[in-house]
Amino acid sequence: MKNLILSLFVSITSLFVCSASAQSAPDPNTPDGLIKIIVADVMNSVKSDPEIQKGNIPRVVDLVEKKIVPYTDMRRTTQLAMGRNWSKATPEQQNQLIIEFKNLLIRTYSGALSQLRDQTVQYKPLRSSPSDTDVIVRTVVIGKSDPIPLDYRLEKTNDGWRVYDINIMGAWLIEAYRNQFTNQISQSGVDGLIKFLQERNAMLAGKK
Amino acid sequence: MSKLKRALLLFVSVSLIGCASIPAGSERSPDDPWESFNRSVFSFNEGLDDYLLKPITRGYRFILPKPAQQGIDNFFGNYRDIYTSANNLLQGNLSMAFSDLMRVVVNTIFGLGGFIDMATPGGLEKHKADFGQTFGVWGIPSGPYVVLPFFGPSNVRDTFGTAVDLETDYLFRLLPDVALRNSLTALRIVNARNNYYEAGDLLEGAALDKYTFTRDAYIQRRQYQIDQAKEGKEPPLPVYENQYQ
């Protein structure tokens, strides 16, 4: 019994040491490398900023704009979430939708980011071949409560890899918004959706 | 007790009779043929949360220091790991079932009966499995989407799954001391609500229509969990109808 407990301890400790030493510098030209760099950068910034820890949302929004948004493709995200309604929107409306949807997502995810404390991110092995242009990077956020699966879907563009969809706890963002967008549009048209998003964003900004 | 139950049942049925109307012009989802009924249960649950569960949880967060909340969550998590292990076994995931069992052993012995989670930092990843998921892995189809009073989003298969979960739950059904059993159940409900206290507020802001958002996320999430539980299988990617131009 004593031996069993001892060997258990040793194996757990070695697991711990192995996972710590198996890190090499990530390559931003690979999808998983890019995600690792962004995640590490954002987590360090959040954890080292007492203002963000206190819940200073404008500061988090600023961080998201600078460190996450440049690596996303919001046009593609919005287009896919709009589905067949995308082609019914004028280029002007499309641009407005992209801005408002982006702001809604930034607002909501900033709230989640400000709650980051001692979470760590675990990366699942990448299952893709080097020639793929549409790739999923699977991660698990491990915190004090249940682990949260968080996956990123990236596409290879001329400027490098860009995130266009994320999966939180099993639900893809685009998929989760598709029906809501369709419903809003069939109730009040594309302009109605834009207006709804504008009002929601104003409300969220007002709440601070 | 039975009087209270009957009163509660009456209250639920009265509030459900007035079926909530589906917003005009919204498109019906093929997964949700009972939308009108579901929407009324959904608003019943929302009311219950607003007026009862959320205020209680707020008090719980105010009274109890963070480490105590964490200890309680770890305790129930450790207890649920036993059932997760059993479900992983039923799903044929032997390695996961074993790792979950190891978690229980490690946390019960070294984590003061489960109040400290020693297994996660030690590299034994926490999983979650329930009977609804097990039925799904066995190939039983989900059936239409259902919103259950008190329990929230579900489907026909998961309703049976939840019934088996509850029926086999030692702390909920079988613990001989009734007073202790009821207090533990109450604490467990508040702990579960506490776990998504902040996420619930986020959802409020993120959703255009909370009902549709919750439903679509639930349906996806359950399928994802089942796909993931089938060993070696990657959850399939959603295919979007309009390709990027």
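Reader: Which residues of α7(A) do T77(A), L80(A), A81(A) and M82(A) in α5(A) meet?
Author: This is a predicted model, in which local features need pLDDT of at least 70 and side-chain atom pairs count only at pLDDT 80 or more, while totals for chains, interfaces and linings use all residues. Residues are numbered from 1 along each chain as its sequence is written, with chains lettered from A and ligands numbered from 1 in the order in which they are written. Taking contact as C-beta atoms, placed from the backbone, within 7 Å, and helices and strands as DSSP runs (H or I, at least four residues; E, at least two) numbered from the N terminus, the partners in α7(A) are I174(A), Y177(A), R178(A) and F181(A).

Reader: How are α5(A) and α7(A) oriented to each other?
Author: Their axes, fitted to C-alpha atoms over the stretch in contact, with angles run from 0 to 180 degrees between N-to-C directions, lie 7 Å apart and make an angle of about 50°. Angles under 35 degrees count as roughly parallel, over 145 as roughly antiparallel, 65 to 115 as roughly perpendicular and the rest as oblique. The two helices, α5(A) and α7(A), are therefore oblique.

Reader: Which element gives the most to the side of chain A that touches chain B?
Author: On that side, 39 residues of chain A are in contact with 36 residues of chain B. The elements giving two or more residues include α1 (2–21), α6 (91–113) and β2 (134–142) of chain A. With 12 residues, the element that gives the most is α7(A).

Reader: Which strands stand at the edges of the sheet in chain A?
Author: Counting two strands as paired if DSSP finds at least two bridges between them, 5 strands form an open sheet with antiparallel pairing, in the order β1-β2-β3-β4-β5. Within it, 4 bridges join β1(A) to β2(A), and Y123(A) stands opposite T139(A) in β2(A). Because each has a single partner strand, one side is left without a neighbour in the sheet for the edge strands, β1 (120–123) and β5 of chain A.

Reader: How far apart are the end C-alpha atoms of α10 (residues 210–229) of chain B?
Author: Among the buried residues of α10(B) are Y211(B), R215(B), D216(B) and I226(B), buried here meaning that 20 or more other C-beta atoms, placed from the backbone, lie within 10 Å of the residue's own. The expected span of a helix is 1.5 Å times one less than its number of residues. The 20 residues of α10 of chain B should therefore span 28 Å, which agrees with the distance between the end C-alpha atoms, 28 Å.

Terms used: Two residues are in contact if their C-beta atoms, placed from the backbone, lie within 7 Å. A residue is buried if 20 or more other C-beta atoms lie within 10 Å of its own, exposed if 12 or fewer, and partly exposed in between; C-beta atoms are placed from the backbone.
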